[in-house]
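User: I should like to learn how to read the features of a protein model. Please take me through them step by step.

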Amino acid sequence: AAIYFSRAWDWLLCAPHDVPSLAAALKRLICDPAHAAELGRRAQAAVHRHYHAERMARDTIALYRQIR
């Protein structure tokens, strides 16, 4: 069972259908609440950076222009 840790995004990534890997990742988060909280903060910041309303509107307009 492998847990992949990406330093660029600081996330835990488990292979599909790899239950032992998922269990290990969850255990790591449960055993280290500070790390879990930091992952949450970074994930929230990434979502705000990449999926804010202005960008979604800009991307939608660009898509409409492509399919015209």
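User: How many salt bridges does the structure hold?

Analyst: A salt bridge is a side-chain nitrogen of Lys or Arg within 4 Å of a carboxyl oxygen of Asp or Glu. By that rule the structure holds 4 salt bridges. This is a predicted model, in which local features need pLDDT of at least 70, side-chain atom pairs count only at pLDDT 80 or more, and totals for chains, interfaces and linings use all residues. Residues are numbered from 1 along each chain as its sequence is written, and side-chain values use heavy atoms, with hydrogens and water left out.

User: Which side chains meet Glu 38 in a salt bridge?

Analyst: Arg 41 meets Glu 38 at 2.9 Å, N to O, and Arg 42 meets Glu 38 at 2.7 Å, N to O. A further salt bridge joins Arg 55 to Asp 59, where the closest N and O atoms are 3.4 Å apart.

User: Where do these partners lie in the helices?

Analyst: An α-helix has 3.6 residues a turn, so residues three or four places apart point the same way. Helices here are DSSP runs of H or I with at least four residues, strands are runs of E with at least two, and both are numbered from the N terminus. Arg 41 and Glu 38 both belong to helix α2 (residues 33–50) and are 3 residues apart, about one turn of the helix. Arg 42 and Glu 38, also both in α2, are 4 residues apart. In helix α3 (residues 53–67), Arg 55 and Asp 59 are likewise 4 residues apart, about one turn. Salt bridges that share partners join Glu 38, Arg 41 and Arg 42 into one network.

User: Are these charged residues buried or exposed?

Analyst: Buried means under 20% relative accessible area, exposed means over 50%, and partly exposed lies in between (1.4 Å probe, protein chains only). Arg 41 is partly exposed at 48%, and Glu 38 is partly exposed at 28%. Arg 42 counts as partly exposed at 39%. In α3, Arg 55 has 28% and Asp 59 has 40%, so that Asp 59 too counts as partly exposed. Across the protein chain, buried residues make up 13% of the 68 residues.

User: What is the secondary structure of the protein chain?

Analyst: The chain comes to 3 helices and 2 strands, and along the sequence the pattern reads β-β-α-α-α.

User: What span should α1 have, and how far apart are its end C-alpha atoms?

Analyst: The expected span of a helix is 1.5 Å times one less than its number of residues. For the 13 residues of α1 this gives 18 Å, and the end C-alpha atoms are 18 Å apart, which agrees.

User: Which residues form a nonpolar patch on the surface?

Analyst: Patches are made of residues with over 30% relative accessible area and no salt bridge, like charges being joined within 9 Å and nonpolar side chains (Val, Leu, Ile, Met, Phe, Trp, Tyr) within 5 Å. Leu 22, Leu 26 and Ile 30 form such a nonpolar patch, with about 310 Å² of accessible area together. Ile 30 is placed in helix α1 (residues 19–31) and is exposed, with a relative accessible area of 68%.

User: How many disulfides are counted?

Analyst: A disulfide is a covalent bond between the sulfur atoms of two cysteines. The rule applied is a pair of cysteine sulfur atoms within 2.5 Å, and the count comes to 0 disulfides. Cys 14 is partly exposed at 21%, whereas Cys 31 is exposed at 58%.

Notes: Accessible areas come from the Shrake-Rupley method with a 1.4 Å probe; for residues, only the protein chains shown count as cover.
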